2 protein chains.
Amino acid sequence: MAVAIDLKQQQTPSGGGLEPLTRLVEGDLRRVNEIIIDKMQSPVALIPQLAGHIIAAGGKRLRPMLTLASARLCGAEGERQMALAACVEFIHTATLLHDDVVDASELRRGLQTANAVFGNKASVLVGDFLFSRAFQLMVADGSLKVLKALSDASAIIAEGEVHQLMTANDMATDEAAYLEVIRAKTAALFAAACQVGAIVAERPEVDEEALYAYGLNFGIAFQLVDDILDYTGDDDGLGKSRGDDFREGKITLPVVLAYERGDETERAFWRRCLEDLEQREDDLPHALQLMERHGAVAESKRRARLYGDRACEAMAALPDNAARQALLDVVDFCVERLY
Amino acid sequence: MAVAIDLKQQQTPSGGGLEPLTRLVEGDLRRVNEIIIDKMQSPVALIPQLAGHIIAAGGKRLRPMLTLASARLCGAEGERQMALAACVEFIHTATLLHDDVVDASELRRGLQTANAVFGNKASVLVGDFLFSRAFQLMVADGSLKVLKALSDASAIIAEGEVHQLMTANDMATDEAAYLEVIRAKTAALFAAACQVGAIVAERPEVDEEALYAYGLNFGIAFQLVDDILDYTGDDDGLGKSRGDDFREGKITLPVVLAYERGDETERAFWRRCLEDLEQREDDLPHALQLMERHGAVAESKRRARLYGDRACEAMAALPDNAARQALLDVVDFCVERLY
């Protein structure tokens, strides 16, 4: 953790945050966006239509930026990282589309996102197309190491998504299961996205591993922050609205901790809200009160900071350049959203 | 076509059919099944549970048998084709699972298959897992040519499935659009499955192309047969029941031809049944009468035979051995199901 604090003191004059990263990869990202638009085309009109809907709405391009910045950090030259960053975004978009799929029970609670416009089946099949297209791009690049990194990540993501499905509405979920889910469904792609940067730069394996560890820990911190903000955040137009996880009965860390530390009456409350999904108007504020009372939010924030620090520490032996600084700043920016 | 007829006269003493193929690859297929069972395992219990449900029920293993027989035809030695045949089956299973996904409108008409037991979302995510696992197996094999063949096929399949979604319940679908759909959603994987056999045997590209052409034309014939039997077949427990396509409003070749050749009253009938899905008890027998009256079934059968013949002709320059004979016999067996 000491390292992380030192690194924070080296912040750029710009004050850190997301800006150093976006500035660093601005030109590269423009090229990535061109590749994304080009490669999502198909004679089957619904494909670019639906893919365009979600890719345009998607926004931040955080994962491809990680690939671009990691490549930059490692001194990669040439163009390979642009197409591979597009792969990473395609895989991410495919998982978003598949995550949108709903079952009959959920349909009753209203539809969201691409699914609302195009339906379950179109979302699934266009996701499959983007996923296949990602592999075609990797094959064109020709690196079996990249193919291994991203096919491994894809399998882990799918496992994580199924695992999450099994923990939803199940208050028996403990912290270990929660961490396993977010490591798989979110952090594995962050990790692979960064590792790919080292692979294209043909760096020794120890650098691949360092960037993988950075991405993995950053991904865990990122998802923790997202899950905490679902209870404590403002509706800031970042996609989710406050209370979404509560309404769906997702079991996230603040819930796990509040449940563990609660008495029988409180546990009955959590089970009614999140297992039976019987929710009344003031249940969400009450849930937040219980979390605050038991220090579940504070503890979750500490956990986010811990993984953020680990991400930064993983970079210690890598070249100290503007790209590394940007990657450190973005972790900091992410965790600081909690405060 | 002359070639195909000649080849038929060379049938093995067993009388042809499916048996020469199953006998030829019996031992290899046992190994493929072991790999399938081994590679669908996951610590996330729902994955082997759901995958086992569909893979055990799936049955014929036609596509992996094509890979095994093609490899045998080309004189492949070693074990690579076993794992790659498992990949082919995983990709096929993933598309089946994703094809099961239903929208709200369809839910009202009752659920089927894995979806009925596990729900939309689980089917999608386990499909994603199997698809990713297929790519992990290909990466372990290490051939970029195989990766190209199967990632290209996967993208084409997804395009075909979306295209099919767009032609469903649309009587404006013509024969060209129908053929494009089945070429993509069915034949592309047959083609790649066969091509992979030539790749592992390290045969010259012309042999890869021949096996690709065999698989592509066989796949088209296979889907034509399937679509015709949906109207003319017995409920023989092969999975689909007679009239399924009619009830769902799928636009297949017998429908396209009967509609093209029908008068205004008949066209109104087809639109009511397949576009509006307003169906009465004797609509299915009436549909079949119209098809027979206009020769739509006979014409569709001729088309199936034509593609079957093309498949056999594509093999002309390949070594004349037991594997080639088995692959010729299986085409014949498939088309003969119509008579």
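**Notes on the helix packing and salt bridges**

1. Starting in chain B: Lys250(B) and Asp245(B) pair up through their side chains in a salt bridge, with N to O at 3.8 Å. That is inside the cut-off, since a salt bridge here needs the nitrogen within 4 Å of the carboxyl oxygen. Asp245(B) has a relative accessible area of 2%, so this residue is buried. Bear in mind throughout that this is a predicted model.

2. Staying with chain B, there is another salt bridge between Glu299(B) and Arg303(B), where the closest N and O atoms sit 2.2 Å apart. Both partners belong to helix 16 of chain B, which covers residues 296–314. They are four residues apart, or about one turn of the helix. As for exposure, Glu299(B) is buried and Arg303(B) is buried as well.

3. Over in chain A, have a look at Glu175(A) and Arg303(A). Their side chains form a salt bridge at 2.0 Å, N to O. This one ties together distant parts of the chain: Glu175(A) is in helix 10 of chain A and Arg303(A) in helix 16 of chain A (residues 296–314), with their positions 128 residues apart.

4. Are the two partners in that chain A pair buried or exposed? Glu175(A) comes out at 17% relative accessibility, and therefore counts as buried. Arg303(A), at 16% relative accessibility, counts as buried too. The threshold behind both calls is under 20% relative accessible area.

5. The chain A pair also belongs to a network of salt bridges, which links Glu175(A), Glu299(A), Arg302(A) and Arg303(A). For the wider count, searching the whole structure turns up 42 salt bridges over all chains.

6. Now the helix packing in chain A. Helix 4 (residues 62–73) and helix 10 (residues 175–200) of chain A pack with their axes 7 Å apart, at an angle of about 30°. Helix 4 of chain A and helix 10 of chain A are therefore roughly parallel to each other, and their crossing is right-handed.

7. Which residues make that contact in chain A? On the helix 4 side of chain A you have Leu62(A), Arg63(A), Leu66(A), Thr67(A), Ser70(A) and Ala71(A). Facing them from helix 10 of chain A are Leu189(A), Phe190(A), Ala193(A), Cys194(A), Val196(A), Gly197(A) and Val200(A). By residue class, the contact of helix 4 of chain A with helix 10 of chain A has nine nonpolar, three polar and one charged.

8. Chain B has its own contact between helix 4 (residues 62–73) and helix 10 (residues 175–200): the axes come within 7 Å and cross at roughly 30°. Helix 4 of chain B and helix 10 of chain B are therefore roughly parallel to each other, with a right-handed crossing. Among the residues making the contact are Leu62(B), Leu66(B) and Ala71(B) from helix 4 of chain B, and Leu189(B), Phe190(B) and Val200(B) from helix 10 of chain B. The residues of this chain B contact split into nine nonpolar, three polar and one charged.

9. For overall context on chain A, how many helices and strands does the secondary structure contain? Chain A has 17 helices and zero strands. Of its 339 residues, 60% count as buried. If you take the contacts in chain A with a separation of 6 or more, 76% involve residues 24 or more positions apart.

Notes: Residues are numbered from 1 along each chain as its sequence is written. Chains are lettered from A and ligands numbered from 1 in the order in which they are written. This is a predicted model: local features need pLDDT of at least 70, side-chain atom pairs count only at pLDDT 80 or more; totals for chains, interfaces and linings use all residues. Side-chain values use heavy atoms; hydrogens and water are left out. Axes are lines fitted to C-alpha atoms, for helices over the stretch in contact, and angles run from 0 to 180 degrees between N-to-C directions. Helices (H or I, at least four residues) and strands (E, at least two) are DSSP runs, numbered from the N terminus. Angles under 35 degrees count as roughly parallel, over 145 as roughly antiparallel, 65 to 115 as roughly perpendicular and the rest as oblique. A crossing is left-handed if the near helix is turned anticlockwise from the far one by less than a right angle, and right-handed if clockwise. Contact means heavy atoms within 4.5 Å. Ala, Val, Leu, Ile, Met, Phe, Trp, Tyr, Cys and Pro count as nonpolar, Asp, Glu, Lys and Arg as charged, and the others, Gly among them, as polar. Buried means under 20% relative accessible area, exposed over 50%, partly exposed in between (1.4 Å probe, protein chains only).
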